[in-house]
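Colleague: Hi, I'm new to this one. Could you show it to me and let me ask a few things as we go?

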Amino acid sequence: MELPDPYLPGAISLLDQLDKKLIVVLRDGRKLIGYLRSIDQFANLILDEVVERTFCDKFYSDIRHGFLLIRGENVVLAGEIDETLDTGLKEITGNEMTMLQEERSRHHNRKHDLPKAEPQRKTKHADMDDAY
């Protein structure tokens, strides 16, 4: 990878990504994909044609948001995305994604259900003073 001359570290380096398609990962784990239209000194991003992409197993689903302003403090990662690469993931509808996530959650809960523990018996501990 060749660094631009001069290399500008931090959010300002995103200026090279203007009008390119980015993936932005937020603090709460959401993943947004859209075209970077503007950035400011606080790393606030303006994205256009935004979709929120949700992943589950080998599937993904997109929720369209359109035009978004993202506060810089919420951005964990931002980088150019090449959607021409084959990821092996299949796109499904939002309803299908919800059903898949619910089924996965039910399966996970069943797998981790533990048998009820027997109540512990209270035992009396002798103090050192009781021995004398």
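Colleague: Let me start with a single residue: is Glu-103 buried, partly exposed or exposed?

Modeller: Glu-103 counts as partly exposed, at 37% relative accessibility. Buried means under 20% relative accessible area, exposed means over 50%, and partly exposed is in between, using a 1.4 Å probe and protein chains only. Before we go on, this is a predicted model, where local features need pLDDT of at least 70, side-chain atom pairs count only at pLDDT 80 or more, and totals for chains, interfaces and linings use all residues. Residues are numbered from 1 along each chain as its sequence is written, and side-chain values use heavy atoms, with hydrogens and water left out.

Colleague: Thanks! Which residue forms a salt bridge with Glu-103?

Modeller: That is Arg-106, with the closest N and O atoms 2.9 Å apart. A salt bridge here is a side-chain nitrogen of Lys or Arg within 4 Å of a carboxyl oxygen of Asp or Glu. The two residues are 3 apart in helix H1, so about one helical turn separates them. Arg-106 is partly exposed as well, at 45% relative accessibility.

Colleague: How many salt bridges does the structure hold?

Modeller: It holds 9 salt bridges. One of them joins the side chains of Lys-21 and Glu-83, at 2.6 Å from N to O. Lys-21 is in strand S1 and Glu-83 is in the loop between S5 and S6, so this pair ties together parts that are 62 residues apart in sequence.

Colleague: And what else does Glu-83 meet in a salt bridge?

Modeller: Its side chain also meets that of Arg-53, at 3.2 Å from N to O. Arg-53 belongs to strand S3, so here the parts tied together are 30 residues apart in sequence. Arg-53 is buried, with a relative accessible area of 14%, while Glu-83 is partly exposed at 37% and Lys-21 is partly exposed at 22%.

Colleague: Let's zoom out. What does the secondary structure come to?

Modeller: The protein has 1 helix and 6 strands, and along the sequence the pattern reads β-β-β-β-β-β-α. Helices (H or I, at least four residues) and strands (E, at least two) are DSSP runs, numbered from the N terminus.

Colleague: In what order do the strands sit in the sheet?

Modeller: The order is S5-S1-S2-S3-S4-S6, in an open sheet with mixed pairing. Strands S5 (75-80) and S6 (90-91) are at the edges with a single partner strand each, so one side of each has no neighbour in the sheet. Two strands pair if DSSP finds at least two bridges between them.

Colleague: What holds strands together in general?

Modeller: Strands of a sheet pair through backbone hydrogen bonds, either parallel or antiparallel. In this model, S1 (residues 21-26) and S5 run antiparallel and are joined by 5 bridges, and Val-24 stands opposite Ala-78 in S5.

Colleague: How many bridges join S2 to S3?

Modeller: There are 7, between S2 (residues 31-39) and S3 (residues 45-56), which run antiparallel. Ile-39 has Leu-45 as its bridge partner in S3. These two strands form a hairpin with 5 residues between them, and Ala-43 in the turn has a positive phi of about 65 degrees.

Colleague: And how do S3 and S4 pair?

Modeller: They are antiparallel too, over 10 bridges, with S4 covering residues 59-70. Val-51 stands opposite Arg-64 in S4. This hairpin has 2 residues between its strands, and Asp-57 in the turn has a positive phi of about 55 degrees.

Colleague: Back to the helix: what does Gln-101 touch?

Modeller: Leaving aside residues up to four places away in sequence, Gln-101 touches Thr-54, Phe-55 and Cys-56, where contact means heavy atoms within 4.5 Å. Gln-101 is found in H1 (residues 94-111) and is partly exposed, with a relative accessible area of 34%. From Gln-101 to Asp-57 there are 44 residues in sequence, and the C-alpha atoms are 9.3 Å apart in space.

Colleague: Last one: how much of the protein is buried?

Modeller: Buried residues make up 20% of the 132 residues. As for contacts with a separation of 6 or more, residues 24 or more positions apart account for 47% of them.
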